[in-house]
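Here is a short report on the fold of one protein chain. It covers strand pairing, sheet order, the core and model confidence.

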Amino acid sequence: MRRRSLRPMKATLSAFAVCVAFSDARADGALHVAIENFVFDPPTIAARVGDHLIFVNHDEVPHSVVGSRDGAEVFRSVEQMDTDESFEVLIDRPGEITIVCGLHGSMTGKIVVEP
Ligand SMILES: [Cu+2]
């Protein structure tokens with residue numbers, strides 16, 4: 001898997017790589033979300049009911065993933081996902097889910113779930 005990069009140019013290339021993986025991953029219903037450089041990548045995830053989302057921490061510090069719908073928590077990873085650890089969640093309902101890192105409140109994103 002890709003490693004953390006400190007160079008903005010490489011970060012851009014990483015984002016492109018995630019988009020490619022995203023498209024390829026559609027077939028098996030698994031969407032990959034990178035946690036890298038203190039952001040969820042991509043920050044907005046288009047999903048469908050029945051998809052599995054797999055978050056992978058590529059940073060060298062721990063992160064977590066907490067998902068909420070209409071202000072109510074719907075999923076939560078372990079408190080500290082270490083480097084290269086992943087968290088998988090099944091998307092079972094349409095609507096919008098906001099995501100945030102439980103350790104770094106500035107790390108946010110959203111999942112837009114189509115039926
Ligand atoms: Cu974090």
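Ala47 stands across from Val113 of strand 9. That pair belongs to a parallel match: strand 3 and strand 9 are joined by five bridges. The model is predicted, so the confidence scores discussed at the end belong with every detail here.

Strand 9 also pairs with strand 8. These two run antiparallel and share six bridges. Within that match, Ile99 faces Gly109 of strand 9.

**The five-stranded sheet**

Both matches sit in an open sheet of five strands, ordered 3-9-8-5-6, with mixed pairing. Its edges are strand 3 (44-48) and strand 6 (72-76), each paired on one side only. From one strand to the next, the twist averages 30°. Towards one end, strand 5 (residues 66-69) runs antiparallel to strand 6, with four bridges between them. There, Arg69 lies opposite Ala72 of strand 6.

**The four-stranded sheet**

What is the order of the four strands in the other open sheet? The order is 2-1-4-7, and the pairing is again mixed. Strand 2 (39-41) and strand 7 (86-90) each have a single partner strand, so one side of each lacks a neighbour in the sheet. Neighbouring strands here are turned by 25° against each other on average, direction ignored. Strand 4 and strand 7 are antiparallel and share five bridges. His52 has Leu90 in strand 7 as its bridge partner.

The pairs described so far are collected below.

| Strand pair | Direction | Bridges |
|---|---|---|
| strand 3 and strand 9 | parallel | five bridges |
| strand 8 and strand 9 | antiparallel | six bridges |
| strand 5 and strand 6 | antiparallel | four bridges |
| strand 4 and strand 7 | antiparallel | five bridges |

**Faces and core**

In a regular strand, side chains alternate between the two faces of the sheet. Strand 9 shows this alternation. Gly109, Ile111 and Val113 point to one face and are buried. Thr108, Lys110, Val112 and Glu114 point to the other face and are not buried.

Ile111 also appears in the largest nonpolar core, which has 16 residues. Val33, Ile45, Leu53, Phe55, Ile91, Ile99 and Ile111 have the most contacts inside this core. Strand 1 (30-36), strand 4 (52-57), strand 8 (95-100) and strand 9 (108-114) each supply at least two of its residues. Which strand gives the largest share? Strand 1 does, with four residues.

Val33 deserves a closer look. Beyond its neighbours within four places in sequence, Val33 is in contact with Phe40, Asp41, Ile45, Leu53, Ile54 and Phe55. Three of these names, Ile45, Leu53 and Phe55, are also on the list of core residues with the most contacts.

**The chain as a whole**

The protein chain has one helix and nine strands. Along the sequence, the pattern is α-β-β-β-β-β-β-β-β-β. Of its 115 residues, 23% are buried. Among contacts between residues at least 6 apart in sequence, 48% join residues at least 24 apart.

**Confidence**

How far does the predictor trust the model? The chain averages a pLDDT of 84, and 75% of the residues score at least 70. Residues 5-27 fall below 50. Beyond near neighbours in sequence, that stretch has 18 contacts in the model.

Methods:
Residues numbered from 1 in each chain as written. Predicted model: local features only at pLDDT ≥ 70, side-chain atom pairs only at ≥ 80, totals over all residues. Pairing = 2+ DSSP bridges. Axes fitted to C-alpha atoms, helices over the stretch in contact; angles between N-to-C directions. Core = buried A, V, L, I, M, F, W, Y, C linked by C-beta atoms within 7 Å. Buried ≥ 20, exposed ≤ 12 C-beta atoms within 10 Å, placed from the backbone. Contact = placed C-beta atoms within 7 Å. pLDDT = per-residue confidence, 0-100.
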